[in-house]
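Colleague: I'm new to reading structures. Could you walk me through a sheet and then an interface?

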There are 4 protein chains.
Amino acid sequence: MKTFVMKEIGRVGFMEKPVPHLGPGDALVRTTRALICTSDSHTVQGGIGPRENLTLGHEAVGVVDAVGSEVKDFQPGDRVLAGAITPDWGDLASQNGYPSQSGAPLGGFKFANSKDGVFAEFFHVNDADANLARIPDGIPDAAAVYCADMLSTGFMGAENGNIPMGGTVAVLAQGPVGLMVTAGARLCGAGLVIGVESVPSRQKLAQMYGADEVVDFTKEDVVERILELTDGQGVDTAVEALGADVTFQTAVKITKPGGTISNTGYFGEGEFVRIPRVEWGVGMADKTITTGLCPGGRLRMERLLRLLETSRVDPSHMTTHEFDFDDMERAFEVADKKLEDVVKVMISF
Amino acid sequence: MKTFVMKEIGRVGFMEKPVPHLGPGDALVRTTRALICTSDSHTVQGGIGPRENLTLGHEAVGVVDAVGSEVKDFQPGDRVLAGAITPDWGDLASQNGYPSQSGAPLGGFKFANSKDGVFAEFFHVNDADANLARIPDGIPDAAAVYCADMLSTGFMGAENGNIPMGGTVAVLAQGPVGLMVTAGARLCGAGLVIGVESVPSRQKLAQMYGADEVVDFTKEDVVERILELTDGQGVDTAVEALGADVTFQTAVKITKPGGTISNTGYFGEGEFVRIPRVEWGVGMADKTITTGLCPGGRLRMERLLRLLETSRVDPSHMTTHEFDFDDMERAFEVADKKLEDVVKVMISF
Amino acid sequence: MKTFVMKEIGRVGFMEKPVPHLGPGDALVRTTRALICTSDSHTVQGGIGPRENLTLGHEAVGVVDAVGSEVKDFQPGDRVLAGAITPDWGDLASQNGYPSQSGAPLGGFKFANSKDGVFAEFFHVNDADANLARIPDGIPDAAAVYCADMLSTGFMGAENGNIPMGGTVAVLAQGPVGLMVTAGARLCGAGLVIGVESVPSRQKLAQMYGADEVVDFTKEDVVERILELTDGQGVDTAVEALGADVTFQTAVKITKPGGTISNTGYFGEGEFVRIPRVEWGVGMADKTITTGLCPGGRLRMERLLRLLETSRVDPSHMTTHEFDFDDMERAFEVADKKLEDVVKVMISF
Amino acid sequence: MKTFVMKEIGRVGFMEKPVPHLGPGDALVRTTRALICTSDSHTVQGGIGPRENLTLGHEAVGVVDAVGSEVKDFQPGDRVLAGAITPDWGDLASQNGYPSQSGAPLGGFKFANSKDGVFAEFFHVNDADANLARIPDGIPDAAAVYCADMLSTGFMGAENGNIPMGGTVAVLAQGPVGLMVTAGARLCGAGLVIGVESVPSRQKLAQMYGADEVVDFTKEDVVERILELTDGQGVDTAVEALGADVTFQTAVKITKPGGTISNTGYFGEGEFVRIPRVEWGVGMADKTITTGLCPGGRLRMERLLRLLETSRVDPSHMTTHEFDFDDMERAFEVADKKLEDVVKVMISF
């Protein structure tokens with residue numbers, strides 16, 4: 001089958017591979033739609049170390065092609081979504097409530113990391129009964145595919161933020177994850193959502209997805225402006241959605257004592273992420289810092305699909321580009337180099 | 001000043017009283033708008049025991065007329081909202097996280113219970129700095145007054161329900177509190193909100209406030225229908241918003257193992273509220289039952305007002321009747337006897 | 001192999017059965033020690049409906065005899081403990097945080113319920129990697145076996161009780177589960193633990209396991225006495241450890257507003273479990289009711305074994321009787337009829 | 001009255017001052033015992049900025065000498081404890097659940113910060129009904145005084161650590177706060193408590209207060225050793241009890257994915273506290289960082305006193321030195337310069 005791989009650090013391209021083998025609990029899915037993620041670029045740049053001929057991609061939907069002998073709830077022909085994270089549910093970390101960390105730190109992140117990803121004609125799903133979700137009839141593949149990572153990670157940023165009903169939230173960066181944090185903050189009862197972003201097209205999307213205020217860090221001091229918007233108190237919750245040391249510092253500074261800094265960013269550089277000591281209340285201001293990795297699993301996916309079904313959010317406005325899988329090289333270039341005001345690139349198979 | 005009182009059990013009417021005296025931390029508020037609550041009827045019927053010439057009412061907004069010597073943050077002329085519950089914030093129950101229970105069980109409930117209420121030209125607020133909130137300019141009194149009890153109690157029903165993002169919620173009864181539970185469930189990320197109600201006008205309001213489905217218990221079996229709507233699993237959260245033994249039992253029956261039954265109802269009758277043993281998993285199905293009394297306090301009121309300011313909910317659709325304070329006797333009759341499809345009765349001063 | 005079964009409702013006895021078949025993830029354990037549980041009596045009396053020739057018992061340790069092809073972490077010869085509850089970890093209820101409810105309400109309860117139990121020369125464990133735990137060298141089988149149910153259920157009663165550091169706790173009944181609630185309350189930071197019990201030998205055990213006070217309900221009014229012991233406030237946490245309607249009512253009455261009633265009891269009778277309406281604050285006193293079913297799984301078992309390893313608790317004082325498996329009929333009679341001040345009956349294989 | 005003050009940065013000494021004036025809710029307490037805290041040294045060194053003739057000290061007990069007109073629950077002659085932190089309970093931060101942050105970040109910290117402290121013949125307590133606790137008869141002043149800060153802060157470190165029943169905990173540094181974290185971890189159900197400390201006398205105290213293992217960072221690599229003690233997994237909870245950047249980094253490194261780093265330390269130096277990026281799972285390993293400031297208030301103090309009353313912990317082993325108030329200069333020198341293996345210095349009045 002045709003796949004799109006990272007050949008080595010810094011180099012991508014097509015490659016022919018055999019269709020994956022299925023264990024007793026596994027499923028083989030024929031890909032219909034996939035999305036390119038910033039993480040794919042990180043991986044190609046060596047962010048998780050060297051890889052050879054690794055199929056890229058972790059956001060996809062498709063149709064079940066075959067299932068292992070122990071799979072009970074899915075059968076060929078089912079239209080399905082797989083989470084970007086496909087945990088081992090019996091693992092100790094899962095039993096501890098952290099399935100994304102099963103097997104190893106970040107171990108639930110298998111696609112395009114510890115096994116081949118979804119940029120291929122077919123992809124393999126471990127523990128299909130626990131990691132697939134059936135897509136309801138009314139939801140197109142092009143919407144459902146956003147649940148795999150964007151909604152799950154973005155909403156997690158809001159959920160981990162302990163947002164009080166009517167509380168104030170700042171979301172630092174309005175890329176696709178940040179936009180879904182913004183939407184998620186609304187769904188978590190925020191009374192004021194402040195999006196921080198400088199790119200005009202993303203500022204517009206931020207407003208569409210629920211930002212009450214947009215702060216442009218190229219035009220005003222973010223800390224000052226957010227304190228002003230919150231009567232000098234700071235926000236209840238600041239969500240880091242970029243993965244940059246300076247943004248993280250801002251998040252700590254704008255959060256009130258007793259508030260939460262919720263991290264969704266993947267920090268790709270430097271030896272340290274730095275907490276500004278004084279604004280952190282010299283370690284005594286009850287400012288909590290939370291983190292997480294995109295929740296996966298059937299239940300999570302079913303709940304996210306339900307939110308699409310009942311029209312709570314429409315992620316499809318984030319699709320700025322569409323390509324056929326045959327044009328994957330150009331598609332990847334657009335996403336990787338952030339060309340043409342790209343937000344998300346959709347691939348059709 | 002003119003007040004509207006419960007003269008004794010079963011009898012109400014106007015009465016002249018002196019303007020309340022202020023302690024050092026207190027405020028006197030000139031009433032502008034108030035709402036009649038079902039609890040007022042309960043009280044008149046003797047629900048909390050006998051009372052003599054007790055001013056009724058606990059939902060009001062107004063303008064500060066005078067403040068005690070220790071009040072720092074409010075001054076005459078401020079347009080303000082007082083929560084229906086005005087806790088003693090230093091009390092042990094408040095320190096324990098339950099200010100509504102300060103002083104005694106349900107002790108934060110002072111208006112029209114342990115002291116005179118708000119159906120009067122002026123009302124008294126204890127610990128004004130902690131229990132009043134300034135009403136933002138854009139919000140009319142007729143909307144702000146709903147925060148005192150309806151939004152605070154209704155949203156509490158949702159907040160106490162541990163609703164997972166995208167989870168399923170049933171709200172049993174769509175009176176004014178139930179309607180605000182429905183709105184609150186949306187604000188807490190529910191993926192499916194099922195309102196249970198038989199009155200057509202309330203069914204319409206339920207949909208307006210966010211019910212995805214409405215179940216009419218006079219036309220179908222509620223338990224069966226809700227199991228059907230949830231693929232046989234039951235809901236993540238059932239909120240009792242009536243205060244009736246039979247509704248409570250239904251709530252337990254429709255909740256899935258691991259789910260929460262959140263109670264907002266005031267149970268006015270009977271020696272017991274009964275849990276159906278088998279459907280409660282013989283005490284082992286991880287079905288949690290939570291309760292609470294309308295949260296009060298300045299922070300809560302500020303956050304609820306913020307939700308009005310950012311247009312998350314518009315409670316004014318619940319105002320089915322408006323009267324001047326001079327017509328209070330008729331107003332009370334309409335509310336008390338639930339005439340003319342009444343939902344909420346607004347009083348202007 | 002030799003097994004001890006419930007032949008039908010009300011009748012038990014030995015029976016020869018074939019050694020269980022193993023699926024790819026399963027293990028076969030040769031039993032060394034087992035405990036009889038009150039639940040075994042409930043089952044024989046028909047508490048979970050009719051059963052035919054069902055092997056009884058769910059508390060056991062042993063030595064791995066054989067493992068399925070997919071089992072990675074265990075091998076023949078390992079000395080192991082299996083939780084009384086052996087969840088399906090990929091199930092939706094497990095993903096939701098409630099593995100004891102996997103598959104169905106109370107579905108993790110498989111031994112002597114949906115499959116044969118442990119009163120046999122060998123027993124079968126599903127998903128061995130997730131549901132077995134290796135017993136550390138220093139811990140005898142006769143202590144480890146208590147982790148399967150007694151420690152797990154008893155400690156859960158304390159954990160679900162939201163005990164504040166230095167808080168007050170009452171444990172209603174000091175049977176083996178109640179005694180482990182008492183020990184668990186100490187481990188959860190309770191500042192005052194009150195055991196309610198009338199049997200002298202159990203009262204002594206209650207003190208040994210950490211009860212600061214013991215209240216004898218045959219000699220004094222429990223509600224009055226507990227209010228007296230808590231300066232009239234009631235306890236932060238009341239744990240029901242009997243499964244009786246009247247005890248449950250007492251638990252509600254002695255709990256302060258804002259406190260928690262934590263249930264561990266299996267309610268075997270009646271249509272309803274009844275909440276006393278007034279003492280429950282007419283549904284508004286912030287009194288939470290929690291329930292649960294014995295947590296299982298490898299992580300739980302490892303953590304409980306660690307508590308034995310570091311001498312936090314010694315459950316062996318509860319062993320009042322010991323029998324060989326050949327004397328199982330007499331052993332069961334002693335446990336079932338609560339003869340000779342029995343607390344727990346240990347069976348050796 | 002005689003007081004011991006910080007005259008300016010770097011300089012301390014006795015000073016005569018008038019007895020404090022009482023507001024309506026306040027109390028005046030005649031000091032009987034006080035403890036010197038490392039924070040007193042920080043303050044003198046300029047850690048919270050310049051101060052002039054500020055009375056030092058925040059850990060004290062005494063006898064009520066006079067109360068304001070609104071104080072209801074205390075009267076002259078009562079033997080009382082005041083928390084080191086005396087919050088404004090009506091403040092928005094208190095209503096938000098963070099009384100230590102009332103008034104301003106760290107605003108509950110009034111003694112020897114925003115007002116005169118307790119190293120004086122009398123000290124002043126704001127909101128006496130909410131911030132004092134009566135000392136039970138059986139508890140000597142010399143034990144009760146430890147509740148003000150040492151038990152409250154140390155136990156908070158454990159409570160904020162989300163320690164699972166039977167979980168693994170490392171406590172970094174075994175000074176007086178660290179020792180009480182160790183004791184607190186035991187009270188929170190830890191199955192393995194590892195104390196990190198190099199001073200032999202503190203290592204012994206660590207074992208006395210509940211450390212199962214002691215790791216000496218001068219003799220072995222702390223990260224390696226703790227991974228070894230936890231089968232390579234890391235601890236569930238690491239508590240920083242020193243306030244040093246390097247210790248904080250170690251805490252992040254030894255915590256497992258899904259675990260908690262709980263901070264009790266006061267970070268006195270540097271622009272940043274640094275999180276090691278890779279060991280933090282590049283921001284995605286579900287490692288939560290919590291902080292806090294010593295909880296105060298009557299309820300907290302009553303609960304801590306109860307733990308002394310029921311013999312859960314005996315803090316008096318930490319008293320290595322005792323002085324009369326007249327010898328305060330020498331006492332302060334011993335504490336400040338950490339002479340003679342000092343742990344805590346007790347002052348008698």
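Modeller: Sure, and keep in mind that this is a predicted model. Let's start with a sheet in chain A: it is open, has 3 strands in the order 2-1-4, and the pairing is antiparallel.

Colleague: Which strands stand at the edges of the sheet in chain A, and why is one side of each left without a neighbour?

Modeller: Those are strand 2 (11-16) and strand 4 (54-55) of chain A; each has a single partner strand, so one side of each has no neighbour in the sheet.

Colleague: And what holds strands together in general?

Modeller: Strands of a sheet pair through backbone hydrogen bonds, in parallel or antiparallel fashion. Here, strand 1 (residues 2-8) of chain A runs antiparallel to strand 4 of chain A, and 2 bridges join them. Look for Val5(A): its bridge partner in strand 4 of chain A is Thr55(A).

Colleague: Which helix packs on that sheet?

Modeller: Helix 11 (residues 328-336) of chain A does, touching strand 1 and strand 2 of chain A. The direction of helix 11 makes about 155° with that of strand 2 of chain A.

Colleague: Okay, now the interface. How do people describe its size?

Modeller: Often as the accessible area lost when the parts come together. Between chain D and chain B, about 1,100 Å² is buried, with carbon and sulfur atoms giving 62% of that. On each side, 13 residues of chain D are in contact with 13 residues of chain B.

Colleague: How many salt bridges and polar contacts are there between chain D and chain B?

Modeller: The salt bridge count is 0, while 8 residue pairs are in polar contact. On the side of chain D that touches chain B, helix 2 (92-95) and helix 10 (298-309) of chain D each supply at least two residues. Helix 10 of chain D gives the largest share, 4 residues.

Methods:
Residues numbered from 1 in each chain as written. Chains lettered and ligands numbered in written order. Predicted model: local features only at pLDDT ≥ 70, side-chain atom pairs only at ≥ 80, totals over all residues. Heavy atoms only, no water. Pairing = 2+ DSSP bridges. Contact = heavy atoms within 4.5 Å. Axes fitted to C-alpha atoms, helices over the stretch in contact; angles between N-to-C directions. Buried area = accessible area lost by both parts, 1.4 Å probe. Salt bridge = Lys/Arg side-chain N within 4 Å of Asp/Glu carboxyl O. Polar contact = N/O pair within 3.5 Å; in protein donor to acceptor, adjacent residues only side chain to side chain.
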